Amino acid sequence: MPKITIASRQLQADSDTCLLDSLLSQGEKIPYSCRSGVCHACMLQSDGGKPPLQSQLLLPREKASAQYFLACQCYPTDDMTVSLPENKPISAIITAIEKPESTLAVLTLSPRQPLSYQPGQHLNISANQRLSKDCYLASSPIDSQPMIYIRRKVGDSFSTWAHEVARVGDKIQLGQPQGIGINVETMNRQLHLICHENHLAPMVAVIKHCSLLKPDAKVTLYCFYTGSTAPDIKHFFEKLSTQYKSFSYHFLKSHEAGKIADTVADLAADVTSDVASDKSESELIISGKRNFIATLESHGLNIRSALKLLPIKERTLR
Ligand code: FES
């Protein structure tokens, strides 16, 4: 039985039980949520002993080489000394605030130290002790400055702060990026991105990163909106598509009387057949609430192999 040392305590692990369960059953307080390698809440660092390869597969390369691993994916075979990662906040300054739409604030941030992340990851932003929120990053790690999107929501004090109080030059605190990172380098030739307009941020990160890293990869965005006209952020994609020739986008009116429109069902079927017929040369990423994804599926979209980016609140629901 491998021995696990954590905070100077020596515990027994079992190669048939994930390390998360072994540690929890022996009274350790390890944060966790999804238990499936998605949320990264259970990330630990090995200070002695090599973590099993399987426990590092879903982590960004820099984290894996720094001996981080996911306890819920770890079936230890050897003794290890492990610790909870220090999640020290990083100070940052707001360097720009744009409002591409009246309900959307885009904050550009300048962290005091380099922020290592991948498209698809999120981090905690704290404006002061009472105002904080987990937000998806909407920038490519190659961009010089990270960006986040904040939608205005009635009764949400963080969004009120972002839209009415925040100013360029304000100091904020950032948590470490979390969640599954999308490794664009290993992506196949064609990428379909489907999202709801309120969940665009991680898609923007993927598109920007592809445009810088894989400019020949064909990327198509389908963004569903619920208002009477396409959201103003469409202009951002218009501009992007003139520079990034392999990128195309479609804004689709999706909800009518709470139901997805027939045109969307047709589109879902098209994307499904494309993904299926292209012998896995196409990949599908969906960003939106669970009920949005379920609606797409109920109209024929094959979401089995899709990577799903749920709103952070829904990711942590059990
Ligand atoms: S609990 Fe391990 S990754 Fe979510």
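**Two sheets and their strand pairings**

Strand S3, covering residues 43-48, lines up with S4 in the antiparallel sense, and 3 bridges hold the pairing. This is a predicted model, and the pairing just described can be pinned to particular residues: Gln 45 has Tyr 68 of S4 standing opposite.

Zooming out, S3 and S4 belong to an open sheet of 5 strands, which reads S2-S1-S5-S3-S4 in order. Pairing across this sheet is mixed. The edges go to strand S2 (9-12) and strand S4 (68-70), and each of these pairs on one side only. From one strand to the next, the twist comes out at 40° on average. Tyr 68, the residue across from Gln 45, thus sits in a strand already listed as an edge, S4 (68-70).

Then there is an open sheet built from 6 strands, in the order S9-S8-S11-S6-S7-S10 and with antiparallel pairing. Here strand S9 (132-136) and strand S10 (147-151) take the edge positions; each has a single partner strand, so one side of each goes without a neighbour in the sheet. With direction ignored, neighbouring strands in this sheet are turned against each other by 40° on average.

Inside the 6-strand sheet, S6 and S7 sit next to each other in the order. Strand S6 spans residues 90-101 and strand S7 spans residues 104-111; the two run antiparallel and are joined by 7 bridges. One residue pair gives a handle on the register: Ala 92 has Pro 111 as its bridge partner in S7.

Terms used:
Residues are numbered from 1 along each chain as its sequence is written. This is a predicted model: local features need pLDDT of at least 70, side-chain atom pairs count only at pLDDT 80 or more; totals for chains, interfaces and linings use all residues. Two strands pair if DSSP finds at least two bridges between them. Helices (H or I, at least four residues) and strands (E, at least two) are DSSP runs, numbered from the N terminus. Axes are lines fitted to C-alpha atoms, for helices over the stretch in contact, and angles run from 0 to 180 degrees between N-to-C directions.
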